[in-house]
Amino acid sequence: MTKRILAYLFHLAIATLAVPMFAFFLTGSAYWLIRRALAYPVNPQQFYSDYFLSVAAITGLWLAYSVCDTFTSRGAMWIWIPSTLGFIIRILVWRAAGSVFFHSGMIEHFFTADCQAPSWQEPDFASRCADRLFLTPLAVGSLAYSAGAVIRRRVHNID
């Protein structure tokens, strides 16, 4: 039982710490590669805002698939639960706040808000962008991490 709890905590740490960190570095690397190869006209902050969630999902899938090769995937399949509960609680708190800063809809606030690093000094940046830049990638990465563990189990027919 202790081994399962430790394995779950290990997977939880990877999903909540390593996936967003690797996704951040991969997004930056992808920007510089695409910029050099295609003369991409968008600035790095806009690229990050546009593609970070996709990169977090791909990173979560890949990292879980890789890690579950060495460590058991049974606990990794359930990593989505704490992050999803946290995400749902944050949505409920956000909806209950009713602040003037929360005019946008839920999809826009959590998924499509235009949040770029140079605009951090704007008065409403923290209320408008913190969820989009920090919480949503964590939830998406954790969901993808669990999906990667499930895919690993199915591909290798592990019961």
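**Exercise 1.** Which helix gives the most to the nonpolar patch?

*Solution.* The model is predicted: local features need pLDDT of at least 70, side-chain atom pairs count only at pLDDT 80 or more, and totals for chains, interfaces and linings use all residues. Residues are numbered from 1 along each chain as its sequence is written, and side-chain values use heavy atoms, without hydrogens and water.

Step 1. Find the patch: M21, F22, F24, F25, L26 and W62 form a nonpolar surface patch of about 630 Å². Patch residues have over 30% relative accessible area and no salt bridge; like charges are joined within 9 Å, and nonpolar side chains (Val, Leu, Ile, Met, Phe, Trp, Tyr) within 5 Å. A salt bridge is a side-chain nitrogen of Lys or Arg within 4 Å of a carboxyl oxygen of Asp or Glu. Areas follow the Shrake-Rupley method with a 1.4 Å probe, and for residues only the protein chains shown count as cover.

Step 2. Assign the residues: helix α1 (residues 2-38) gives the most, with five residues. Helices are DSSP runs (H or I, at least four residues), as are strands (E, at least two), numbered from the N terminus.

**Exercise 2.** Classify F24, G28 and T112 by exposure.

*Solution.* Step 1. Set the classes: buried is under 20% relative accessible area, exposed over 50%, and partly exposed in between (1.4 Å probe, protein chains only).

Step 2. F24 lies in helix α1 and counts as partly exposed because its relative accessibility is 46%.

Step 3. G28 is also placed in α1; at 28%, G28 counts as partly exposed. G28 and Y48 are 20 residues apart in sequence and 7.3 Å apart in space, C-alpha to C-alpha.

Step 4. T112 belongs to helix α4 (residues 106-112) and, at 51%, counts as exposed.

**Exercise 3.** Describe how α2 and α5 pack.

*Solution.* Step 1. Helix α2 (residues 44-70) and helix α5 (residues 125-155) pack at about 35°, with axes 7 Å apart. Axes are lines fitted to C-alpha atoms, for helices over the stretch in contact; angles run from 0 to 180 degrees between N-to-C directions.

Step 2. The contact of α2 with α5 has 20 nonpolar, five polar and four charged residues. Ala, Val, Leu, Ile, Met, Phe, Trp, Tyr, Cys and Pro count as nonpolar, Asp, Glu, Lys and Arg as charged, and the others, Gly among them, as polar.
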